[in-house]
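Visitor: I would like to go through this model chain by chain, with the reasoning given for each point. Please show it, and then I will start asking.

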Amino acid sequence: MKARSVAYIVVALVVIASISIIYVDSQKAKPKVESITVTDDLGRKVVIPLPVKRIVSMDPSNTQMLYGIGAGNLLVADTSYDWWPSNATKLPKVEMDNGTASVEEVVAMSPNLVLATTIQPLQIIDQLQNLSIPVLVFEPANISQIYSDMMTLGNVTAHQSGALKEVNFMKTTIQGIESKISSYPKVSLLYMMWSNPMYTVGPGSFIDSIISDAGGINIADNLSSPYPVIGMEQVVYDNPKAIIVDNGTPVTNISYFKTGNQAPLWHNISAVQNDTILFLNVTESNWMNEPGPLTVYAVQMVADFLYPQAF
Amino acid sequence: MKVSANIFVISLIFLTLFNILVSLSIGPVHIPLNQIVSNIVLYSLHHDTNWTISTILFYIRLPRIVLAVIIGMILGVSGLITQTIFKNPLGDPYLTGVSSGAAVGAAIGFLVSPFLVPVLAFIFAMVAVGISFLISRSDGEVNTEMLILAGVSVSFLFSAVASYIIYLKIYNLRGVLFWLLGGLYGATWSDDFYLFATLLFIFPLIIYFRRELDIMLMGDEQAKSLGVDTGKVKTITLISSSLVTSIAVSIVGIIGFIGLVSPHIGRKLVGESHRFLVFVSPLIGANILLVADTIARSTPQGEIPVGIVTAFIGSPVLIYLLYRRRKM
Amino acid sequence: MIEIDGLTVRYGKKVAIENLTLRVKDGEHLILMGPNGSGKTTLLKALLGTVNFEGEIKLNGRETKSLSRRELAREIAYVPQIFSTPYTFTVREFVSMGLYSLTREWWKEDARIDEALDKVKISELRDKTINNLSGGELQKSIIARSLVQGSSYILMDEPTAHLDIKSVMEVLDVISNFRDKGTIIVSHDLNALNKLGGSVLLLKNGRAVFRGDKTDPLFKEKISETFDTRISEIADFLYFPLT
């Protein structure tokens with residue numbers, strides 16, 4: 001019927017018109033936003049609308065870098081693994097279940113920026129980006145990268161001067177350490193991440209870079225993997241002068257090396273004979289494993305251990 | 001046929017000895033052959049030797065090499081028993097639930113205290129096997145069809161439990177992962193002692209039953225009519241095999257493919273009959289595992305789990321054997 | 001002599017054989033006939049001791065329940081129906097499995113193996129692998145294996161069922177030449193009945209319907225009743241004349 005078709009056409013036109021008006025209107029309502037584009041450690045170019053007022057950190061090292069540059073007050077939530085500074089421990093926790101966080105918890109904090117590491121699965125990062133929440137992934141592999149990551153954070157949070165101050169402080173400290181130990185012959189070191197199998201740190205890992213900054217020679221440097229398993233025979237052959245045992249391994253005291261059932265193999269190794277074995281407590285282990293402002297303590301501790309005569 | 005089979009057995013024994021010597025000279029630390037020989041000579045004459053080299057050779061490499069040989073033999077025997085009793089060419093020693101049970105035990109161990117891993121792995125492996133046997137009992141005699149299904153189901157269940165436990169403390173993932181994929185690191189002479197005793201138990205046992213195993217290939221009904229006490233043979237061999245495999249797994253983790261592939265290669269060499277297969281299968285297992293472990297402990301990335309290497313070696317072999325069987 | 005008294009076999013609620021009494025003389029060839037599900041195979045299983053049963057079965061005076069597997073295997077051998085096998089044992093190895101109940105040393109050469117191969121006329125197949133045999137050759141190999149057991153009775157389950165004419169005749173010929181061995185043969189094949197003496201047991205629903213000789217007129221009546229057909233029609237298809 002002709003009347004019916006006409007009715008349909010009219011309705012269609014009205015619907016189209018309304019949608020267009022609403023769209024144009026919404027475009028006009030959007031304010032112009034100032035933003036900054038930075039590149040994170042995964043090479044992702046991220047556009048961050050400014051100013052950044054609410055930050056969620058999904059990893060202790062990011063939390064520490066934020067506080068380090070003086071932007072800690074922007075943090076609204078962190079993780080249950082955060083232990084420094086004490087203010088950070090009082091913040092609401094984004095539920096960290098074995099290294100992953102729930103997107104809902106993050107969104108509930110209404111952040112304008114989320115800081116993550118590669119422990120979080122990429123899907124969570126993608127999900128947040130899709131919800132228009134910018135995510136920066138930081139994973140420094142050595143101290144220089146900590147410096148550049150902190151400078152980036154400084155730019156993003158308008159704390160450039162704070163970042164510069166912290167970076168210079170760290171640089172000076174490290175240089176001081178290096179000059180004190182430079183005249184001594186380098187000490188070979190085994191860093192034990194786990195005893196059986198003997199996981200250690202290799203080239204490309206952050207801890208390995210701390211060791212070399214502290215003037216140590218990592219005996220696992222010939223292995224081409226950041227977290228390799230080193231064979232006992234290599235340890236016997238390389239005969240390290242010092243051993244550092246990370247916290248959380250089953251090896252908690254010197255009896256493992258002197259009287260345990262593996263002891264005959266360790267018997268002739270310098271580090272065991274001279275008792276130059278360092279067992280890290282939880283805090284010290286955190287210094288080694290969490291890149292950030294506290295890394296200077298890590299370098300100091302290792303240098304102190306390797307070259308006690310220098311300090 | 002009889003003559004050539006004997007030759008195979010003897011050749012394999014020599015191959016194993018040769019393999020041992022070669023593996024002794026390979027490792028992350030390069031020790032020239034002349035040094036190895038002189039060290040061995042001096043050591044056996046009780047003279048002073050270079051401590052570093054002696055320690056590496058006799059306290060690190062040799063116990064590990066011996067362990068590889070023993071475990072390879074155990075898996076070769078277990079795999080053969082499993083394939084024959086279940087009449088399943090894809091049978092492996094873990095079919096009754098050993099591996100998943102052990103995984104639960106190990107996972108709990110890594111959660112609580114890594115020193116408990118071997119004991120817990122063994123206990124839970126036997127628990128899983130026990131449940132499989134209980135589920136599949138019918139009229140007193142072991143029902144092999146039911147037992148396979150029971151073993152698979154129990155494995156699924158225990159794997160799920162193990163995965164969950166591992167997830168609870170995922171920080172320890174590296175230790176657990178290495179164990180799950182199998183590793184002979186940290187092998188000591190006392191490990192060798194216990195496992196050798198285990199081998200001394202299972203090896204004569206399968207030799208004793210080799211006639212019965214041949215006849216049982218023809219099926220329970222025929223075997224019974226020929227006079228074989230099939231119930232007794234099945235129970236004794238399967239339980240022994242599960243027990244022995246559990247002990248092995250508790251010490252070195254889950255090493256795949258050896259138990260599956262060794263009997264097949266053995267059959268290609270000496271035929272179907274268990275008369276020689278009971279010697280050949282374990283010898284082949286020993287050699288494959290020895291080669292795999294030598295590779296596993298000497299990669300440029302450091303040491304990798306041996307289960308990865310056996311998978312790389314085993315799968316092409318398996319594919320090739322199945323392909324040849326198709327063509328027949 | 002096989003003496004069966006009051007044999008009853010149940011599979012759950014189903015009664016496969018009910019209160020069967022039977023006597024089989026030494027050297028007798030008994031043909032076991034009946035429709036599917038009448039209990040023929042079950043009777044063989046009861047004799048072999050592979051099912052649980054109520055009642056009494058005596059072999060040469062001894063109750064089978066009191067015998068070990070080995071002892072039973074020395075009295076009764078079994079020839080099942082196998083169409084083919086994937087295993088690569090040689091015929092010699094396969095036949096020598098029959099020696100298990102007599103001696104543990106079965107890999108040594110034994111004259112009994114060659115004798116059996118000869119009787120069944122497959123001596124030339126001695127080194128052939130059993131996965132490469134034809135149906136008839138495999139059947140004969142199994143018969144040879146049962147001969148080697150040296151038992152007084154051989155139970156056979158449809159030994160001629162899937163064989164060609166020539167093989168059927170050869171197998172029946174071999175069986176008819178057995179010395180000192182009785183047989184119980186489950187068979188639908190009236191040729192067997194003809195060639196082997198004519199002694200028959202007809203089962204229906206687990207009960208004996210006829211026991212006697214093929215020449216008994218009651219037999220023809222019972223067969224027609226049980227199978228719903230006339231025996232004279234079947235006679236046209238026999239290899240050996242129905243006498």
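Visitor: What percentage of the 243 residues of chain C count as buried?
Guide: This is a predicted model, so the figure is computed from predicted positions. A residue counts as buried if 20 or more other C-beta atoms lie within 10 Å of its own. Of the 243 residues of chain C, the share that meets this is 41%.

Visitor: How compact is chain C, judged by its radius of gyration?
Guide: The C-alpha atoms of chain C fill a box of roughly 50 × 45 × 30 Å along the principal axes, and its secondary structure comes to nine helices and 10 strands. For 243 residues the globule rule gives 18 Å, and chain C is close to that, so it is as compact as a globular protein of that length. Its radius of gyration is 18 Å.

Visitor: Among contacts in chain C with a separation of 6 or more, what share joins residues 24 or more positions apart?
Guide: Contacts in chain C with a separation of 6 or more form the base of this percentage. Residues 24 or more positions apart account for 67%.

Visitor: Which pair of chains shares the most contacts?
Guide: Chain A and chain C do not touch, as their nearest C-alpha atoms are 44 Å apart. Two pairs of chains are in contact. Of these, the most contacts are shared by chains A and B.

Visitor: Which element gives the most to the side of chain A that touches chain B?
Guide: The contact takes 23 residues from chain A and 27 residues from chain B. On the side of chain A, helix H9 (232–238) and helix H11 (263–266) are the elements that give two or more residues. The one that gives the most, with five residues, is H9(A).

Visitor: How many residues on that side of chain A are charged?
Guide: The side of chain A that touches chain B has 13 nonpolar and nine polar residues. The number of charged residues there is one.

Visitor: And where chain C touches chain B, which element of chain C gives the most?
Guide: Here the contact takes 19 residues from chain C and 15 residues from chain B. Helix H2 (69–75) and strand E6 (76–79) of chain C each supply at least two residues. The side of chain C divides into 11 nonpolar, four polar and four charged residues. With three residues, the element that gives the most is H2(C).

Visitor: Within chain A, which helix gives the most to the side of domain 1 that touches domain 2?
Guide: Chain A is divided into domain 1 (35–162) and domain 2 (183–310), with 30 Å between their centres. The contact takes 12 residues from domain 1 and 11 residues from domain 2. On the side of domain 1, helix H2 (60–68) and helix H6 (143–156) give two or more residues. Of the elements on that side, the most comes from H2(A).

Visitor: Why do the buried residues of H8(B) lie on the same side of the helix, and what arc do they cover?
Guide: In H8(B), B:Asp191, B:Asp192, B:Leu195, B:Thr198, B:Leu199, B:Ile202 and B:Ile206 are buried. An α-helix has 3.6 residues a turn, so residues three or four places apart point the same way. The buried residues are on the same side of H8(B) because the arc they cover around the axis is only 130 degrees.

Visitor: Which exposed residues does the opposite face of H8(B) carry?
Guide: What covers the buried residues of H8(B) includes helices H3 (51–85), H9 (210–216), H11 (230–252) and H13 (274–296) of chain B. The face turned away from the buried side carries the exposed residues B:Trp189, B:Ser190, B:Ala197, B:Leu200 and B:Pro204.

Note on methods
Residues numbered from 1 in each chain as written. Chains lettered and ligands numbered in written order. Predicted model: local features only at pLDDT ≥ 70, side-chain atom pairs only at ≥ 80, totals over all residues. Contact = placed C-beta atoms within 7 Å. Helix = DSSP H or I, 4+ residues; strand = E, 2+ residues; numbered from the N terminus. Nonpolar A, V, L, I, M, F, W, Y, C, P; charged D, E, K, R; others polar. Buried ≥ 20, exposed ≤ 12 C-beta atoms within 10 Å, placed from the backbone. Arc of directions from axis to C-beta. Rg over C-alpha atoms; globule rule 2.2 N^0.38 Å. Domains from an automatic or database assignment.
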